[in-house]
Amino acid sequence: MHTIEEKKIAWRHLASEQFSLVNRNARRRLDHAISEKVAELVETRKSRTLLGFACMPDEPDLSAYFRHWLEAGGRLALPVWKGGATMKLRYVTNLDAELHPGRGGILVPMDGLPDAEPGEIDLAVVPGRFFSENCDRMGRGAGCYDGLFRDNPKMARVGVAYDFQIYPEVPVEDGDETMDMVVTPSRLIMKKSDDSAANNASGRWNVKNL
């Protein structure tokens, strides 16, 4: 019998293999489709401040959308991984000039940029290794986003992924935070309404109007 953590490790290897099968041109089209759906959600929510992310090679690339968001006057914060499960948020105004490699080679906002308080974030746009049909999220294992959402339960959160990253169920354990919804190139997956996590999601979103 494998432990949950052993299962997660095996699934993360699977994610790397799957990403290697999708060519760059195909991914650009998929990224554009995800970005369009995220933009619709942002507009529906009337968000002004987003928590985005600088993608790693095996994550959806929403940088074109985030650049457009900044050019239109929106506020954008990005995470800074400090090691372990510790993450800070910093505002950026220029994705080309204000990022540098941080821990693990992840692009992060430079030192000296203004910190963003979690309570200022209207919507968090979050990558993951896999998501379930009920919006469970399996990340890379550090627990940074789980800690952020656990400490800030009112923060609306949307996962972004390719369709091949969605499964009926994924390995999760206590402490793994769910998303309110997950956006793929072809789908908008909402948290099912049969548990307390779904009630929390409804409280963060006027789900009936989406």
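Is Cys 135 buried or exposed, and what is its relative accessible area? In this predicted model, Cys 135 is buried, with a relative accessible area of 0%, and its place is in the loop between β7 and β8. The backbone of Cys 135 also deserves a look, since phi there is near 70°, a positive value in a residue other than glycine. Most residues other than glycine have a negative phi.

A second residue of this kind is Lys 46, whose phi is near 60°, again a positive value in a residue other than glycine. Lys 46 is found in the loop between α2 and β1, and with a relative accessible area of 58% Lys 46 is exposed, whereas Cys 135 is buried.

## The strands

Strands β1 and β2 pair in the parallel sense over three bridges, and within this pairing the bridge partner of Leu 50 is Leu 76 in β2. Together with helix α3, these strands make a right-handed β-α-β unit, in the order β1, α3 and β2.

Strand β2 also pairs with β3, here in the antiparallel sense and over seven bridges, with Trp 81 standing opposite Met 87 in β3. β2 and β3 form a hairpin with two residues between them, and Gly 84 in the turn has a positive phi of about 60°. In a regular strand the side chains alternate between the two faces of the sheet.

An open sheet of three strands, with mixed pairing, has the order β8-β7-β10. β8 and β10 (166–167) stand at its edges, each with a single partner strand, so one side of each is left without a neighbour in the sheet. Strand β7 (residues 130–132) pairs with β8 in the antiparallel sense over two bridges, and the bridge partner of Phe 130 is Met 138 in β8. The loop between β7 and β8 is the place of Cys 135, the buried residue of the opening question.

## Helix α4 and Cys 144

How many of the eight residues of helix α4 are buried? Six of the eight residues of this helix (residues 144–151) are buried, so α4 is largely enclosed by the rest of the structure. The buried residues are Cys 144, Tyr 145, Asp 146, Gly 147, Leu 148 and Phe 149. What covers them includes the strands β1 (49–51), β2 (75–83), β3 (86–92), β6 (123–126), β8 (137–138) and β9 (157–160).

Cys 144, which lies in helix α4, has a relative accessible area of 10% and is buried, the cut-off for that term being under 20%. Leaving aside neighbours within four places in sequence, Cys 144 is in contact with Trp 81, Gly 84, Ala 85, Thr 86 and Met 87. Several of these names have already appeared with the hairpin: Trp 81 stands opposite Met 87, and Gly 84 is in the turn between β2 and β3. Cys 144 and Pro 79 are 65 residues apart in sequence, and their C-alpha atoms are 9.3 Å apart in space.

## The pockets

The table sets out the two pockets side by side.

| Pocket | Volume | Lining residues | Nonpolar | Polar | Charged |
|---|---|---|---|---|---|
| Largest pocket | about 610 Å³ | 31 residues | 17 residues | five residues | nine residues |
| Second largest pocket | about 530 Å³ | 23 residues | 12 residues | three residues | eight residues |

In the largest pocket, the lining residues that lie nearest the centre are Arg 137, Arg 140, Ala 142, Cys 144 and Tyr 145. Of these, Cys 144 and Tyr 145 are also among the buried residues of α4. At least two lining residues each are supplied by α1 (4–19), β2, β5 (107–109), β8 and α4, and the largest share, four residues, comes from β2.

Which residues lie nearest the centre of the second largest pocket? They are Asp 31, Cys 55, Glu 59, Asp 61 and Ser 63. Helices α2 (24–45) and α3 (63–71) each supply at least two residues of this lining, and α2 gives the most, with eight residues. Helix α3 is also the helix of the right-handed β-α-β unit made with β1 and β2.

Notes: Residues numbered from 1 in each chain as written. Predicted model: local features only at pLDDT ≥ 70, side-chain atom pairs only at ≥ 80, totals over all residues. Heavy atoms only, no water. Buried < 20%, exposed > 50% of the residue type's maximum accessible area, 1.4 Å probe, protein only. Contact = heavy atoms within 4.5 Å. 1 Å grid on protein atoms, 1.4 Å probe; cavity = no way out; pocket = protein on both sides within 12 Å on 5 of 7 lines; lining within 4 Å. Points joined across faces, edges and corners; volume = space filled by probe spheres on them. Nonpolar A, V, L, I, M, F, W, Y, C, P; charged D, E, K, R; others polar. Pairing = 2+ DSSP bridges. Right-handed = clockwise from strand over helix to strand, strands pointing away.
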